[in-house]
Amino acid sequence: MIACPNCQISFSPQQRVCPRCKSYEPPLEDRMEYLERMAQESLNDGNSPGFVEASLVREGIAPKAAQEIVIAQSQKVRRAARGRGLRRIAVGLVFLSFAAGLVLGGGLIFAEFGSKLLLRSGLLLLFLAVPLFLRALYNFARGRD
Ligand SMILES: [Zn+2]
């Protein structure tokens, strides 16, 4: 929150000027945290760096500084996406080995007792898991969600 020295009210850093007197303009550094978060969310929503940069400039930030904010926030967004991607790959690996274990175990049991149930469910799981896993790998390599 930002305090207006004229009206003694607090207002959200979303506002460029005090909503009551419309004359007090808070210093940029008071709104910086909000603007950086806004840039990050906007990039997260899939908006292009150029678009986010332009909206920062509209908020009163110098073009050069806006560019730097966008670069820093894009790196954060990419890092977060990578972390989620890694977790997804780990889950995929567990799932895949479980399915492979079922196929193997089911195959052995099938050979011994002629029961196809485990083998079938293992194959079905494998069939579902492989594309998911490949997609997780692909998205990770491209640095996307
Ligand atoms: Zn005011």
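**A tour of the predicted model**

Start with the whole protein: of its 145 residues, 14% are buried (a residue is buried with 20 or more other C-beta atoms within 10 Å of its own, exposed with 12 or fewer, and partly exposed in between, the C-beta atoms being placed from the backbone). This is a predicted model, in which local features need pLDDT of at least 70, side-chain atom pairs count only at pLDDT 80 or more, and totals for chains, interfaces and linings use all residues. Residues are numbered from 1 along each chain as its sequence is written.

Zoom out and show the C-alpha atoms, which fill a box of roughly 85 × 30 × 15 Å along the principal axes. The radius of gyration of the protein is 26 Å, where a compact globule of 145 residues would have one near 15 Å (taken over C-alpha atoms; the globule rule is 2.2 Å times the number of residues to the power 0.38).

Next, switch to a cartoon. The protein has two strands and four helices, in the order β-β-α-α-α-α from the N terminus. Both kinds of element are DSSP runs numbered from the N terminus: helices are H or I with at least four residues, strands E with at least two.

Now select Pro26, in the loop between β2 (10-11) and α1 (28-44). Pro26 counts as partly exposed because 17 other C-beta atoms lie within 10 Å. Add Ile2 and Arg31: Pro26 touches both, leaving aside residues up to four places away in sequence (contact means C-beta atoms, placed from the backbone, within 7 Å). Finally, pick Gln15, eleven residues from Pro26 along the chain; their C-alpha atoms are 9.0 Å apart.

How values were computed:
Two residues are in contact if their C-beta atoms, placed from the backbone, lie within 7 Å.
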